[in-house]
Amino acid sequence: MDFIVKGTLEAVKALYHIELKESDINLQETRKEFEGETTIVTFPLTRTSKKSPEQTGNEIGTYLQENLPQVSGFNVIKGFLNISLSNAYLLDLFRGTILAPAFGELPSNGKKVMIEYSSPNTNKPLHLGHVRNNLLGFSVSEIMAASGYEVIKANLVNDRGIHICKSMLAWQKFGNGETPESTGLKGDKLVGNYYVKFDQEYKKQIDELKAAGQSEDEAKKNAELIKEAQLMLRQWEAGDPEVINLWKTMNSWVYAGFDVTYKSLGVEFDQYYYESDTYLLGKDIIDEGLEKKVFFKKEDNSVWIDLTADGLDEKLVLRGDGTSVYITQDLGTAQLKYDDFQMDESIYVVGNEQDYHFKVLFLILDKLGKSWAKGLYHLSYGMVDLPSGKMKSREGTVVDADDLIQEMVDTARQRTEELGKVDGFSADEKASLYRMIGLGALKYFLLKVEPKKRLLFDPNESIDFQGHTGPFIQYTHARICSVLMRADVATPAFDDIADLSAVQRELILAISKYPAVVTAAAAEFSPALIANYAFDIAKLYNKFYHEEPILKEENADLRHIRLALSSATASVLKRSMKLLGIDVPQRM
């Protein structure tokens, strides 16, 4: 609506002889109960006009109606000037912009962004929390690409450390040579079972030591299993061939399992980083920080940074014995990523329990004078709860991602068959549809909520063909495809019609906002904006569908414009859902 803003500036200059800036004009969408499509808030303009909000609105409205062909009328409600757009303007917007082949394709902005997501540990399968992370990272990547960025999807795999050694040790002690092939289990699940097994056996040893008189803290330190796991970690760091071979074997099982889950979720990566390659990085940066006096040493030779002036605290960046802490390797990995790709922005998709860590990391890099530190962003997201409560991986109570996907597909099958929506489908078509609906329900439910919010995931609520859900949008798309198929008109042509109905006007304006919604979603790293936009479009189309006959309309021009609106709606729904990683069916 730039022409409204510019026209209002011209009106103020002509009427009141004062030049304002574009930022002085406040445009809003007209409220549903009033006539019009866009509203100018006149209260701030009274300082310029020296008149009441109503009089100011009437004078500016008259000027716009007389001087802008796009404006067909106006009304003033207190301090709000509601503008009605002309039929000709809306038809031109529809025919010239929305129906153009390149509608919604934003040009390259010349910028490069890396989005790091997933970041799993190789001691357990992916779970519900990982599902939100993966879907969020992938969707933000798709949105950024659609808004003109060159995108690198990255995955930093946590493939070393004491937690990995726990699984390795438990398999060594209790595994009897089990493999994914011998058990029929996915490799990540097999390894995850031994992570749980370690915890069970470790707790038994702790209880025995406590019964023998040790305190809980002493028992945790003295239990034989934890000592063996710590020894195994030291052997791994020393390059012990037997330990390294076991580590490579078990990690290969896990990666094969992860690949299956990633494929099921429809996510992918352009670049992998492994903590086993990066855990020693960062020590050069520590030396650099000491030279620049950004860091300081304590008496025990440990290296710190004082961030108290920034409202944080003192932070250890290297132990006194010269070994790394997490922040050390994160500093090094951040530098490695930038050296590899020279991106303008780097987004870390990590849960909100790491908010403080990333504040510290980004602040340190900024203080070190890294020019690229300004482009770092932590896309923090809330945890996912289930009606049954919180998940704990070491106790084996985590909701496994593969099991969740299967449950969603099964629920989709049950709901769809209950509604009798698959009559005439082949077995393969049914299987494909159930998977599309189940995954669509899961993805939409997790992405429609702003990332920062914690959410309660209810699988049953997510598959509702009439609710604020993915299946509702998928069903709307299939309904439109059915209409278009029965119409048997590839590109419906229509002459200008005397008057568009209220719901047609609303639908044209809503569809026209697609590029702006993509741009806003990219700026805010928020798939929720796309998800809720798609729902609003689907809801509006269903209103249009029920109010105006399409195939039964005898007037060819009216029938064809309704078909063209249907086609444009299907296109924008499909594109919006694709940005969420969701497929939409042709039939349902």
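In this predicted model, strands β3 and β4 run antiparallel to one another and are joined over six bridges, one of which sets Phe74 opposite its partner Ile83 in β4. The two strands form a hairpin with two residues between them, and Lys78, which lies in the turn, has a positive phi of about 55°.

This hairpin belongs to an open sheet of four strands, whose order is β1-β2-β4-β3 and whose pairing is antiparallel. The edges are taken by β1 (27–29) and β3 (71–77), and because each of these has a single partner strand, one side of each is left without a neighbour in the sheet. From one strand to the next the twist averages 30°. Helix α3 (residues 53–67) packs on the sheet, where α3 touches β2, β3 and β4 (80–85), and the direction of α3 makes about 180° with that of β3. At the other edge, β1 pairs with strand β2 (residues 38–41) in the antiparallel sense over three bridges, and Glu29 has Thr38 of β2 as its bridge partner.

Glu29 also appears in the description of a pocket. The second largest pocket has a volume of about 1100 Å³, and of the 33 residues that line this pocket, those closest to its centre are Glu29, Glu506, Leu509, Ala510 and Lys513. At least two lining residues come from each of β1, α4 (87–98), α20 (502–512), α21 (514–524) and α22 (527–547), with the largest share, seven residues, supplied by α20. By residue class, the lining of the second largest pocket divides into 14 nonpolar, seven polar and twelve charged.

Enclosed space is a separate matter. A search of the whole structure finds one cavity of 30 Å³ or more, and the largest cavity has a volume of about 50 Å³. Its lining consists of Ala334, Lys337, Tyr338, Met343, Asp344, Glu345, Ser346, Tyr348, Trp372 and Leu376, and the elements that give two or more residues to that lining are α14 (326–341) and β11 (345–351). The residues lining the largest cavity comprise six nonpolar, one polar and three charged.

Helix packing can be followed around α17. Two packed helices are described by the angle between their axes and the distance between the axes. The table lists these values for two pairs that involve α17.

| Helix pair | Angle between axes | Axis distance |
|---|---|---|
| α17 (residues 427–447) and α19 (residues 470–487) | roughly 130° | within 7 Å |
| α5 (residues 128–146) and α17 | about 80° | 10 Å |

The axes of α17 and α19 cross at roughly 130°, which makes α17 oblique to α19. To this contact α17 brings Met436, Ile437, Gly440, Ala441 and Tyr444, while α19 brings Gly470, Pro471, Ile473 and Gln474; the residues of the contact of α17 with α19 divide into six nonpolar, three polar and no charged.

For the other pair, α5 and α17 pack at an angle of about 80°, and the two helices are therefore roughly perpendicular to each other. Here the contact is made by Val131, Arg132, Leu135, Leu136 and Ser139 on the side of α5, and by Leu442, Lys443, Leu446 and Leu447 on the side of α17. The residues of the contact of α5 with α17 divide into six nonpolar, one polar and two charged.

Conventions. Residues are numbered from 1 along each chain as its sequence is written. This is a predicted model: local features need pLDDT of at least 70, side-chain atom pairs count only at pLDDT 80 or more; totals for chains, interfaces and linings use all residues. Side-chain values use heavy atoms; hydrogens and water are left out. Two strands pair if DSSP finds at least two bridges between them. Axes are lines fitted to C-alpha atoms, for helices over the stretch in contact, and angles run from 0 to 180 degrees between N-to-C directions. Contact means heavy atoms within 4.5 Å. On a 1 Å grid over the protein atoms alone, a cavity is a set of points where a 1.4 Å probe fits but cannot get out, and a pocket is an open set with protein on both sides within 12 Å along at least five of seven lines; lining residues have an atom within 4 Å of a point. Grid points are joined across faces, edges and corners, and a volume is the space filled by probe spheres set on the points. Ala, Val, Leu, Ile, Met, Phe, Trp, Tyr, Cys and Pro count as nonpolar, Asp, Glu, Lys and Arg as charged, and the others, Gly among them, as polar. Angles under 35 degrees count as roughly parallel, over 145 as roughly antiparallel, 65 to 115 as roughly perpendicular and the rest as oblique.
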